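Me: Could you take me slowly through one part of this structure, starting from a single residue and working outwards to its surroundings? I am in my first year, so please explain each term when it comes up.

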Amino acid sequence: MRNYLLALGLLAGVANAEPVVLEELQLQAEYPVTDMPSGNLSGLAMCGETLWAVSDRDDDRLYQLHREDGLLRAEAETFVAPEPPESALPWGLRMRNWAAGLVRGGKLDFEGLSCDAQGNRYLVSETRAAVLQVSSNGNAHWLNLPSGLVRQARASGMLLHFNQGFEGIAIDPAGDRLWLAAEQRRRGLTVLHRRGSSWRCTGGCVLTSESGDEPSPQALGGHPAPRDFSGLAYFGEKLFTLERQAHRICRRTLGDGVAELCWSFADEALSEPRRYTPDYGMAEALWIDKDGAWIGVDNGSQARADGEERPIVWRFAAPKGGWSRRP
């Protein structure tokens with residue numbers, strides 16, 4: 001097993017120092033996903049005993065994933081999303097999002113999925129900067145998010161660029177705290193708290209935001225790539241971010257989003273048979289439980305080196321000492 005460190009800064013107490021990358025996660029299983037016509041898997045969540053997925057090309061369905069003969073067979077559950085709330089994004093971004101939806105499909109562009117202990121599913125719409133709740137009986141409604149969410153995020157440098165909006169979502173089991181992850185340029189985390197039927201920012205919406213590049217894995221040449229978040233998960237009073245350019249998962253504090261520890265999955269993801277062209281094969285979906293991590297790959301219908309063209313879901317074992325181990 002390859003252990004390595006990212007740069008920690010000159011002093012151990014530097015606030016912006018990179019966290020230790022403890023180890024390479026060990027792949028337990030790889031599942032091609034069948035019967036998902038639109039592909040573009042963008043979110044995963046384990047609700048009870050059922051693994052669910054969402055595609056950013058589908059505005060009206062979720063998929064149950066059934067394990068069969070080394071595959072995950074997708075079974076669609078449809079819903080009707082009401083007209084979304086008025087977007088707080090500026091006119092230029094709204095128009096670009098509208099045009100992209102016409103061309104590629106998926107005008108709501110659902111980019112993340114999470115669920116609470118009651119079986120409610122939560123989908124974040126990148127184009128609307130909004131969250132849709134789909135109950136266990138299939139009824140759907142938009143959450144009443146505070147008007148200051150987008151304003152504060154944009155003031156922190158997030159949500160400024162086309163196709164670089166909210167990319168991940170996580171909710172706690174009680175359904176009282178909700179986190180959203182902005183993708184890149186700048187990437188960041190926001191938090192909301194439920195108050196009755198609406199949501200509020202308590203002490204501000206933004207937990208953290210940051211810009212800049214970091215080296216890609218050596219298998220991709222080590223070239224600088226924008227720091228990003230492509231998935232978000234909640235487990236054990238911690239947040240876990242999926243960082244696709246760095247091919248790692250990082251554990252972060254709830255209070256300020258600071259990264260404590262990271263685990264790499266680069267060795268498995270970038271092995272020769274699994275290699276895609278540089279613009280494809282990015283990890284987009286994350287779910288964490290005590291035994292391991294589910295990671296979903298949105299391959300954009302592109303084939304990887306071994307010829308596989310279907311979306312992929314990986315199951316990684318939890319790291320030694322578990323996700324809660326100390327640095």
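Reply: Asp109 is buried because its relative accessible area is 1%, where buried means under 20%, exposed means over 50% and partly exposed lies in between, calculated with a 1.4 Å probe on protein chains only. This is a predicted model, in which local features need pLDDT of at least 70 and side-chain atom pairs count only at pLDDT 80 or more, while totals for chains, interfaces and linings use all residues. Residues are numbered from 1 along each chain as its sequence is written, and side-chain values use heavy atoms, with hydrogens and water left out.

Asp109 sits in the loop between α1 (91-104) and β7; helices (H or I, at least four residues) and strands (E, at least two) are DSSP runs, numbered from the N terminus. The backbone of Asp109 has a phi near 50 degrees, a positive value in a residue other than glycine. Most residues other than glycine have a negative phi, and most peptide bonds are trans. Asn163 also has a positive phi, of about 60 degrees, although it is not a glycine, and this residue is found in the loop between α2 (148-155) and β11 (166-171). Asn163 counts as partly exposed because its relative accessibility is 34%. As for the peptide bonds, Arg185 and Arg186 are joined by a cis one, with omega about 0 degrees, and Arg186 belongs to the loop between β12 (177-182) and β13 (187-195).

From the loop of Asp109 we can move into the strand. Strand β7 spans residues 110-115 and holds Ser114, which counts as buried because its relative accessibility is 2%. Leaving aside neighbours within four places in sequence, Ser114 is in contact (heavy atoms within 4.5 Å) with Ala45, Asn120, Arg121, Tyr122, Ile169, Ala170, Ile171 and Trp287. With one of these partners, the side chain of Ser114 reaches the backbone nitrogen of Ile171 at 3.3 Å. That is a polar contact, a pair of N or O atoms within 3.5 Å; within protein, one must be able to donate a hydrogen and the other to accept it, and residues adjacent in sequence count only if both atoms are side-chain atoms.

Another partner of Ser114 is Arg121, and Arg121 lies over the face of Trp52, at 4.5 Å from the ring centre. A charge sits over a ring if NZ of Lys or CZ of Arg is within 6 Å of the ring centre and within 35 degrees of the ring normal. To give a sense of distance, Ser114 and Asn40 are 74 residues apart in sequence, and their C-alpha atoms are 17 Å apart in space.

A wider frame comes from the database record: an unreviewed UniProt entry carries the annotation "domain: Phytase-like" for residues 38-186, given in the numbering used here with feature names shortened, and such annotations may be inferred rather than shown by experiment. Over residues 38-186 the chain is 15% helix and 40% strand, and the end C-alpha atoms are 29 Å apart.

Next come the nonpolar cores, each a set of buried Ala, Val, Leu, Ile, Met, Phe, Trp, Tyr and Cys residues joined through side-chain atoms within 4.5 Å. The largest of them has 33 residues, and Leu44 and Leu65 are those with the most contacts inside it. Strand β3 (residues 41-47) gives the largest share of this core, 5 residues. Not counting residues up to four places away in sequence, Leu65 touches Val33, Leu44, Leu51, Ala53, Leu72, Arg73 and Ala74. Apart from this core lies another, of 22 residues, among them Leu89, Leu149, Ala153 and Leu178.

For comparison, look finally at another strand, β19 (residues 238-243), where Thr241 lies. Thr241 counts as buried because its relative accessibility is 0%, and a polar contact of 2.8 Å joins its side chain to that of Glu243. Outside the residues up to four places away in sequence, Thr241 touches Leu189, Phe229, Gly231, Leu232, Arg248, Ile249, Cys250, Arg252 and Leu286.
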